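This report describes side-chain contacts, helix packing and backbone geometry in a single protein chain. The sequence and the structure are shown first.

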Amino acid sequence: MPIQDVTVLPASGESPKRAREIATRLALLYCDRANTSGPHLVVGETAAWVELAGAKVAIRFDSSTMRHRRRGGHNELLGRAVGVKENRYPAVFDATGGLARDAFLLADLGCNVTICERVPVLAWLLQDAVAAAEVSVYGEVREAAGRMHVIAGDSQERVAEPHSVIYLDPMFPERKKAAAVKKEAALLQCLTQSLDDSDSLWAWASQQAVERIVVKRPLRAPTLGQAKPSHTLSGKAVRFDVFVRQPASGGSSDSE
Ligand SMILES: C[S@@+](CC[C@H](N)C(=O)[O-])C[C@H]1O[C@@H](n2cnc3c(N)ncnc32)[C@H](O)[C@@H]1O
């Protein structure tokens, strides 16, 4: 699969040792200083980020933005979509890891989340971010990190744990207005070259023995696949299409 070339740079003024190690591990070109327009993976002794066209994207689960998201309302909708209830925290296989913002919210709600990301640089950044979150000064961030497990590779080569929930947030073709959207979106599009495998991801997910599949979509986007969702939960900009595959254990009605 073609993935955008990334050059590894050491953070300015810091030892290049870790940057060299990561370049070797990810089989990427190491440079002492930027000599291409990017994207660059900048690796410091305790922090790492990706830079592209002057924009910098780091994954920090204890940033004020992420801690604010915990109280944002989106997490409540997401939690209902995967079936979180009092004393019920389904294991989630997040098959489209990205920057793991949704995965963090789910882990924060109490779910054990396996995060799969096929872009090696992103997968490494996620692993690094989870390791940093495990020793965060914020207890709730440490607890959530303890429920997050990152794997690098293509989700479609994995078997999801039976009775878990598959969560899909595939790449979606950019709308005109969203051109300059968030720098994270631009970066993701560059790193993944906007490779949209949503149809085959859906076909893979449909074959798994999971309890439900949750698909995040822009509000007016078409449903993935041919099946009709069991129900849909809509927010301001996105909706969650929920496909319940079998009754939850205990036999209670579980449409939400
Ligand atoms: C829209 S982003 C997901 C954003 C994520 N939900 C978040 O909260 O940050 C989609 C991500 O899924 C990844 N992806 C797409 N298909 C994949 C696959 N088959 N296996 C693993 N990762 C995949 C892409 O590389 C991209 O990083």
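## Lys 216 and its salt-bridge network

Lys 216 is buried, since its relative accessibility is 14% and the limit for a buried residue is under 20%. The model discussed here is a predicted one. Lys 216 pairs with Asp 169 in a salt bridge in which the closest N and O atoms are 3.7 Å apart. Asp 169 is placed in the loop between β9 (165-168) and α7, and Lys 216 in strand β10 (residues 212-218), so the contact ties together parts that are 47 residues apart in sequence.

The two partners differ in their exposure class: Asp 169 has a relative accessible area of 28% and is partly exposed, whereas Lys 216 counts as buried. Together with Asp 102, these two residues are linked in a network of salt bridges. Asp 102 is itself one of the buried residues of α4.

## Further salt bridges

The structure contains nine salt bridges. One of them joins the side chains of Asp 197 and Arg 118, with an N to O distance of 3.0 Å. This pair links distant parts of the chain, 79 residues apart: Asp 197 is in the loop between α7 (183-192) and α8 (198-206), and Arg 118 is in the loop between β7 (113-117) and α5 (120-133). Asp 197 and Arg 118 are both buried.

Arg 60 and Asp 62 form another salt bridge through their side chains, at 2.7 Å from N to O. Asp 62 has a relative accessible area of 16%, and is therefore classed as buried.

## Aromatic pairs

Four aromatic pairs are found in a search of the whole structure. In one of them, the ring centres of Phe 61 and Phe 104 are 5.3 Å apart and the planes lie at 15°, so this pair is stacked. Its members come from distant parts of the chain, 43 residues apart: Phe 61 belongs to the loop between β5 (55-57) and α2 (64-69), and Phe 104 to helix α4 (residues 101-109). Both Phe 61 and Phe 104 are buried.

A tilted aromatic pair is formed by Trp 202 and Phe 243, with 4.6 Å from centre to centre and 55° between the planes. Because Trp 202 lies in helix α8 and Phe 243 in strand β12 (residues 238-244), the pair ties together parts that are 41 residues apart in sequence. Trp 202 and Phe 243 are both buried.

## Charges over rings

Two contacts bring a charged side chain over an aromatic ring. The charged end of Lys 56 sits over the ring of Trp 49, at 4.0 Å from the ring centre. Arg 67 lies over the face of Tyr 138, and its distance from the ring centre is 3.9 Å.

## Helix α4 and helix packing

Helix α4 is mostly covered, with seven of its nine residues buried. Besides Asp 102 and Phe 104, its buried residues include Ala 103, Leu 105, Leu 106, Ala 107 and Asp 108. The helix thus contributes Asp 102 to the salt-bridge network with Asp 169 and Lys 216, and Phe 104 to the stacked pair with Phe 61. Gly 110, which follows α4, has a positive phi near 120°.

Two packed helices are described by the angle between their axes and the distance between the axes. The axes of helix α1 (residues 17-26) and α5 come within 11 Å and cross at roughly 130°. The two helices are therefore oblique to each other, and α1 passes α5 in a right-handed crossing.

## Positive phi values and a long-range approach

Ala 27 and Ala 100 have positive phi values although neither is a glycine. Phi of Ala 27 is near 55°, and this residue lies in the loop between α1 and β2 (29-30). Ala 27 counts as exposed because its relative accessibility is 69%. For Ala 100, phi is about 55°, and the residue is found in the loop between β6 (92-94) and α4. Ala 100 counts as buried, given its relative accessibility of 2%.

Glu 76 is located in helix α3 (residues 74-82). With a relative accessible area of 47%, Glu 76 is partly exposed. Its C-alpha atom is 8.6 Å from that of Leu 109, and the two residues are 33 residues apart in sequence.

Note on methods:
Residues numbered from 1 in each chain as written. Predicted model: local features only at pLDDT ≥ 70, side-chain atom pairs only at ≥ 80, totals over all residues. Heavy atoms only, no water. Salt bridge = Lys/Arg side-chain N within 4 Å of Asp/Glu carboxyl O. Buried < 20%, exposed > 50% of the residue type's maximum accessible area, 1.4 Å probe, protein only. Helix = DSSP H or I, 4+ residues; strand = E, 2+ residues; numbered from the N terminus. Phe/Tyr/Trp six-rings, centres within 6.5 Å; stacked < 30°, edge-to-face > 60°. Lys NZ or Arg CZ within 6 Å of the ring centre and 35° of its normal. Axes fitted to C-alpha atoms, helices over the stretch in contact; angles between N-to-C directions. Parallel < 35°, antiparallel > 145°, perpendicular 65-115°, else oblique. Left-handed = near helix turned anticlockwise from the far one by under 90°.
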